[in-house]
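Biologist: Please take a close look at the backbone of this model where it departs from the ordinary. Then set those places against what is packed inside and what is left on the surface.

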Amino acid sequence: MRFGLMIRGQYSQGDDMRVRLQEDLDAAKRAEALGYDLVAKGSHYASHPFQYIQQIPYLCQVALLAPKLRLVPGVVLLPLHSPLHVAEELASLDVMCGGKLIFGAGIGYREVEFKAFGTTQKQSARRFEECLEAVKRLWSEEFVTMKASYFELDNANCTTLPIQKPMPPIWIGANADAGIRRAARVADAWFINPHNKINTIADQMEIYKRALDDCGRPFPAELPMLREVFVAPTRAEAIRLAQPYLEAKYKAYRDWGQDKVMPAGDHFGLDFEDLMNDRFLFGSPAEVTEQILLLRRRFGINTLVLGVHWAGMPASLALEQMQMIAEDVFPAVRSA
């Protein structure tokens, strides 16, 4: 069982981002020291009410400061970007981290982002698949000629190639059933999101398995999942400490419209008790250990990426969580 750390880097307006960036870099260094396997960093644009350091600049610094960690841009919003830009940026990052990059890709859902990059949500699925196909070809072919709906490669080449051959592993983050089928068809793994309830994921796992069978592809050797986690001496104390930060975070996500792209019946318009149940991993170390083991037994999860730091939370509290989980949960999960 591998464990990773999600650095969202979402901070309140008015925060000094030089200080917050240093805290996020310190968290990555601490993760390496505590035996975490990877650090992931998300990406959003026009992310009001949060400030946000973008994923590639952050992960480039992590590559230098915590060289043992695998790095996951989780996820790159492919419909917004040129494939040549994505291919060269990520190949450069794979070189910088010594061949430990995981290519996390996603489709996005925010109209403000689509419009700012000159596209629409309606075009996003086609653009995603075109971009991903082009990136794969740029990493595996000497020269690429390809005419797509929004770009043209005319005997183009990728200036820097990844160290990993033929390319870094590809994880597709997806909330909706169509995205999960796409992950089965064109990626190495479905990067299971932190938002959907466990019962929803159970239904979607069957969709994923059927799609793999339809494509003649095996179940992935590494199946990653992202979850919000908080450990305290008791479950009640974990809820009390985490609620102010997670409640504000998911209110912002509801305002962004994230739950509009989730399966029917799963949404964020709930009071906190209903929001957290069957969604977040809260409790004592023993309780969270059992919750993680249940995910492993039920779904085959063998890489769990932990969200432990949310906007407004002191960095010291997040570091305490990282250490408590590493010392009290990791060994218990692995020994079981």
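Modeller: A46 sits in the loop that runs between β3 (38-41) and β4 (50-52). The model is a predicted one, and in it A46 has a positive phi of about 50° although A46 is not a glycine. Most residues other than glycine have a negative phi, and most peptide bonds are trans. A46 counts as exposed because its relative accessible area is 52%, and the cut-off for exposed is over 50%.

N155 also has a positive phi, near 55°, and is likewise a residue other than glycine. N155 is placed in strand β9. With a relative accessible area of 47%, N155 is partly exposed.

Next come the cis peptide bonds. One joins G74 and V75, with omega about 15°; V75 belongs to the loop between β5 (70-73) and β6 (76-77). Another cis bond runs from K165 to P166, with omega near 0°. P166 is in the loop between β9 (152-156) and β10.

After β10 (170-174), the loop leading to α6 (177-186) holds N175. N175 is buried, since its relative accessible area is 12% and buried means under 20%. The side chain of N175 makes a polar contact with the side chain of N193, at 3.0 Å. Within α6 itself, the buried residues include G179, I180, R182, A183, A184 and V186. Among the elements covering the buried residues of α6 are α5 (121-140), β10, β11 (189-192) and α7.

Now the interior. The largest nonpolar core has 84 residues, and Y36 and F103 have the most contacts inside it. Helix α7 (residues 198-215) gives the most to this core, with eight residues. Apart from neighbours within four places in sequence, Y36 is in contact with F3, G4, L5, A31, L69, L306, M322, I325, A326 and F330. There is also a second, separate core of 17 residues, which includes A242, L246, F282 and A318.

On the outside, L64, L65 and M96 make a nonpolar surface patch of about 280 Å². L64 comes from helix α2 (residues 55-65). L64 counts as exposed because its relative accessibility is 63%.

To put the backbone cases side by side: A46, with its positive phi, lies in a loop, whereas N155, also with a positive phi, lies in a strand. V75 and P166, each at a cis bond, both lie in loops.

Conventions:
Residues are numbered from 1 along each chain as its sequence is written. This is a predicted model: local features need pLDDT of at least 70, side-chain atom pairs count only at pLDDT 80 or more; totals for chains, interfaces and linings use all residues. Side-chain values use heavy atoms; hydrogens and water are left out. Patches are made of residues with over 30% relative accessible area and no salt bridge: like charges are joined within 9 Å, nonpolar side chains (Val, Leu, Ile, Met, Phe, Trp, Tyr) within 5 Å. Accessible areas come from the Shrake-Rupley method with a 1.4 Å probe; for residues, only the protein chains shown count as cover. A salt bridge is a side-chain nitrogen of Lys or Arg within 4 Å of a carboxyl oxygen of Asp or Glu. Helices (H or I, at least four residues) and strands (E, at least two) are DSSP runs, numbered from the N terminus. Buried means under 20% relative accessible area, exposed over 50%, partly exposed in between (1.4 Å probe, protein chains only). A polar contact is a pair of N or O atoms within 3.5 Å; within protein, one must be able to donate a hydrogen and the other to accept it, and residues adjacent in sequence count only if both atoms are side-chain atoms. A nonpolar core is a set of buried Ala, Val, Leu, Ile, Met, Phe, Trp, Tyr and Cys residues joined through side-chain atoms within 4.5 Å. Contact means heavy atoms within 4.5 Å.
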